[in-house]
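Work through the exercises below with the sequence and coordinates open. Try each task before reading its solution.

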Amino acid sequence: MNQSHGSATESNASIRVRALESLLTEKGLIDPKALDALVDTYETKIGPRNGAKVVARAWVDPAYKQRLLTDATAAIKEFGFSGLQGEDMVVVENTAQVHNVVVCTLCSCYPWPTLGLPPVWYKSAPYRARVVSDPRSVLKEFGTELPETVEVRTWDTTAELRYLVLPERPSGTEHLSEAQLADLVTRDSMIGVTKVSAS
Amino acid sequence: MNGIHDLGGMHGLGPVLREDNEPAFHEPWEGRAFALFASTFVFAGYTVDEFRHAIEKIAPAHYLESSYYEHWMFAFEEALMKRGFVTREELDARIAQLKNGGH
Amino acid sequence: MLLTPEIVPGLLATGASARVAADVAPRFQVGDLIRVRNHNPATHTRLPGYLRGKLGTVERDYGVFAFPDTHAHGLGEKPQHCYSVRFTARELWGATAPERDTLRVDVFDDYADPV
């Protein structure tokens, strides 16, 4: 879509952004090429495939898993994933007894270096409101049902720690390579609204 | 502040609406708005906390009805106008110009 | 500083941590029972309303960070400890909440009092 010329169909939001971007550019305060680079980075380079690699490594390498649970920031940085909105990472492990799910009720905090930018639903009012007070109903909407004997542990990201769920490795995956395991790991499982399935 | 953003535990907001395989940015302007964060953060001197608070102050009905990156635009405009990097008049004039087909 | 494309990768990889290298004593230890303060500023806070007045247990001390309540308003970092605090679902939402479920919320020193 060509956004360089105004048109009858251009939204108010788009015009508002172009107004600010053009003014700041003319004042020499921003460089549009830097904006291009940022957009490209988060559209194509930083995303949940990063977190999937971390999870798969933890599944196959117990020593790595220990490092991940002890000092997540350093362990994640072993892959070269670091920085903005992931400066202080915490990884929380799903087990047979505990299922973790992450939210930011107050805004949209999310671990960008491992998961990229959050989906709209994560930032939406219904998710933010309900996953703290009735997480099981939210999980059910995602197709995840857990028995009452499992503790659902909801993490509200109120400070600058950023949380990543280490989902359980599904059974029947013993024969898979680390790369194949990473392919199974979904973004939603690392937020905690779903589990990872073997296929 | 006890604002509309403080959503934990609220009822009546409905189901979690999802889109499969959604793109990082649904429109080009969203990507530009996103990128304005890092681009303005490095010169304007506002903190992430101030940025968040600017969003918290959006009128409640508008907060709920407007889209995520529109919230960011409110915050940028407030932080930059407050510090004199841009004025309301300049923004309004540019918006009017762009609406009339200027580029 | 003007952000140019060359600077972008390094900036993203480094980020901007809110940790502060200040020697501040923690007000709480892991295992402490705390009560969340009835803190209702009209200005910025990262204390969600649903926690006010509730009892929780300190699970982890994350160290010293800038305090959002002041940092948002140019009133300085006021560095202090930030903790992961465990709240039971029943404590927050009442007796109909599942018995085993819990919440973990990050709580600053200034949001809590000892019990």
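Helices (H or I, at least four residues) and strands (E, at least two) are DSSP runs, numbered from the N terminus. The model is predicted: local features need pLDDT of at least 70, side-chain atom pairs count only at pLDDT 80 or more, and totals for chains, interfaces and linings use all residues. Residues are numbered from 1 along each chain as its sequence is written, while chains are lettered from A and ligands numbered from 1 in the order in which they are written.

**Exercise 1. Compare the span of helix H2 of chain A with its expected span, then locate its buried residues.**

Step 1. Take the expected span as 1.5 Å times one less than the number of residues. H2(A) covers residues 32–45, which is 14 residues. Its first and last C-alpha atoms lie 19 Å apart, close to the expected 20 Å.

Step 2. Call a residue buried if 20 or more other C-beta atoms lie within 10 Å of its own, exposed if 12 or fewer, and partly exposed in between, with C-beta atoms placed from the backbone. In H2(A) the buried residues are Ala34(A), Leu35(A), Ala37(A), Leu38(A) and Tyr42(A).

Step 3. Look down the axis. The buried residues of H2(A) fall within an arc of 160°, so they line one face of the helix. The arc is that of the directions from the helix axis to the C-beta atoms.

Step 4. Find what they pack against. The partners are H1 of chain B and H1 of chain C.

**Exercise 2. Trace the order of the seven-stranded open sheet and find its edges.**

Step 1. Two strands pair if DSSP finds at least two bridges between them. The order is S2(A)-S3(A)-S4(C)-S3(C)-S2(C)-S1(C)-S5(C), and the pairing is mixed.

Step 2. Strand S2 (98–103) of chain A and strand S5 (112–114) of chain C each have a single partner strand, so one side of each lacks a neighbour in the sheet.

Step 3. Get the turn between neighbours. It is 35° on average, direction ignored. Axes are lines fitted to C-alpha atoms, for helices over the stretch in contact, and angles run from 0 to 180 degrees between N-to-C directions.

Step 4. Check the pairs. S2(A) and S3(A) (residues 151–156) run parallel, joined by six bridges. Here Asn100(A) stands opposite Arg153(A). S3(A) and S4(C) are also parallel, over four bridges. Thr154(A) has Leu103(C) as its bridge partner there.

**Exercise 3. Count the residues that chain B and chain A bring to their contact.**

Step 1. Residues are in contact if their C-beta atoms, placed from the backbone, lie within 7 Å. On this basis 48 residues of chain B touch 45 residues of chain A.

Step 2. Assign the chain B side to elements. H1 (28–44), H2 (48–56), H4 (68–82) and H5 (88–99) of chain B each give two or more residues. H1(B) gives the most, with 12 residues.

Step 3. Sort by class. Ala, Val, Leu, Ile, Met, Phe, Trp, Tyr, Cys and Pro count as nonpolar, Asp, Glu, Lys and Arg as charged, and the others, Gly among them, as polar. The chain B side has 26 nonpolar, 10 polar and 12 charged residues.

**Exercise 4. Repeat the count for chain C and chain A.**

Step 1. Chain C brings 28 residues and chain A brings 31 residues.

Step 2. On the chain C side, S4(C) gives the most, with five residues.

Step 3. By class, that side has 17 nonpolar, five polar and six charged residues.

Technical notes. Contact = placed C-beta atoms within 7 Å.
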